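Colleague: I'd love a close look at one part of this model, the sheet and what surrounds it. Could you walk me through it at your own pace?

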Amino acid sequence: MTGVDAGQHICWSWIKRPALEMIVTEPSLEELEAQRRELFGQLADVGDFRRGSVHENYRRCGKSYCACAKVPGHPGHGPRLIWSRTGPGGKTRGRQIKPEEEQKVRAELEAYYRFAELSDQIVEVNEAICEARPPGASQPQPRPATPPAVPDGERGGSSSRSRRSSPPR
Ligand SMILES: [Zn+2]
């Protein structure tokens with residue numbers, strides 16, 4: 001009979017836990033799922049992004065007769081704009097960017113932070129969803145109805161975006 005007892009005990013504490021969390025004003029599963037959809041929507045709108053940073057860099061040209069070598073306190077030639085980021089294996093990689101690139105690169109770097117923030121939030125919401133969904137419950141993931149195979153060369157998706165692929169006449 002001890003076996004039954006133990007089973008009941010496990011059941012009880014197991015039921016208790018979700019009930020407790022509900023008191024702590026957790027949003028409902030539906031609300032969480034709505035949040036997740038919203039975040040994925042925002043993620044799709046982030047656009048081009050890249051990691052890293054832009055910094056200015058001065059350097060000496062190496063010519064002994066140049067001011068950069070002769071004048072004490074000369075900062076070196078520059079500034080050059082360098083985009084650098086940590087690549088695979090933790091190596092820092094950099095590339096000089098042209099002045100006319102700067103604004104674009106900075107905007108793309110900022111977009112990365114939006115991307116990273118959103119993906120952090122998505123991870124958070126997902127964890128909350130995992131915790132809120134009871135075991136055995138099916139995941140109501142409304143798959144976008146698979147569109148019937150499009151016959152022509154028109155590949156699915158937004159028509160406005162795939163437009164640039166048309167060759168100039
Ligand atoms: Zn020099």
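To start us off: over how many bridges do E1 and E2 pair, and in which sense?

Modeller: Happy to! One reminder before we begin: this is a predicted model. E1 and E2 are joined by six bridges, and their pairing is antiparallel. One pair you can look up there is Ser53, which has Ser84 of E2 opposite. On the E3 side, Ser84 stands opposite Gly94, so you can follow a row across the sheet through Ser53 and Ser84 to Gly94.The second pairing, between E2 (residues 77–86) and E3, is antiparallel as well and also has six bridges. Here Leu81 faces Ile97 of E3, while Ile82 has Gln96 as its bridge partner in E3. Taken together, the three strands make an open sheet with antiparallel pairing, in the order E1-E2-E3. Strands E1 (53–59) and E3 (92–97) are the edges, each pairing on one side only. On average, neighbouring strands are turned by 40° against each other, with direction ignored.

Now for the link between E2 and E3. These two strands form a hairpin with five residues between them, and Gly89 in the turn has a positive phi of about 80°. E3 itself lies largely in the open, because zero of its six residues are buried. For the chain as a whole, buried residues make up 2% of the 169 residues.

E2 deserves a slower look. Pro79 is part of this strand, and the peptide bond leading into Pro79 from Gly78 is cis, with omega near 0°. Just before the strand, the loop between helix H3 (67–70) and E2 holds Pro75. Pro75 counts as exposed because 11 other C-beta atoms lie within 10 Å. Although Pro75 and Arg59 are 16 residues apart in sequence, their C-alpha atoms are 7.3 Å apart in space.

Leu81 is another residue of strand E2 to click on. It has 18 C-beta neighbours inside 10 Å and therefore counts as partly exposed. Leaving aside residues up to four places away in sequence, Leu81 touches Val54, Glu56, Gln96, Ile97, Pro99 and Glu102. Ile97 in that list is the residue opposite Leu81 in E3. Glu101 is 20 residues from Leu81 in sequence, with a C-alpha to C-alpha distance of 9.5 Å.

What lies across the sheet? Helix H4 (residues 102–132) lies across E1, E2 and E3, and runs at about 135° to E1. H4 also has a helical partner, H2 (residues 29–44): their axes come within 9 Å and cross at roughly 160°. That angle makes H2 roughly antiparallel to H4, because an angle over 145 degrees counts as such. The crossing of the two helices is left-handed.

The residues in that helix contact are easy to pick out. From H2 they include Leu29, Leu32, Leu39, Phe40 and Leu43, and from H4 they include Phe115, Leu118, Ile122, Val125 and Ile129. Sorted by class, the contact of H2 with H4 has 12 nonpolar, five polar and two charged residues. Glu33 and Arg36 of H2 are also among the residues that take part.

Finally, let's step back to the whole chain. It has four helices and three strands, and from the N terminus on they run α-α-β-α-β-β-α. Of the contacts with a separation of 6 or more, 57% involve residues 24 or more positions apart.

How values were computed:
Residues numbered from 1 in each chain as written. Predicted model: local features only at pLDDT ≥ 70, side-chain atom pairs only at ≥ 80, totals over all residues. Pairing = 2+ DSSP bridges. Axes fitted to C-alpha atoms, helices over the stretch in contact; angles between N-to-C directions. Contact = placed C-beta atoms within 7 Å. Buried ≥ 20, exposed ≤ 12 C-beta atoms within 10 Å, placed from the backbone. Parallel < 35°, antiparallel > 145°, perpendicular 65-115°, else oblique. Left-handed = near helix turned anticlockwise from the far one by under 90°. Nonpolar A, V, L, I, M, F, W, Y, C, P; charged D, E, K, R; others polar.
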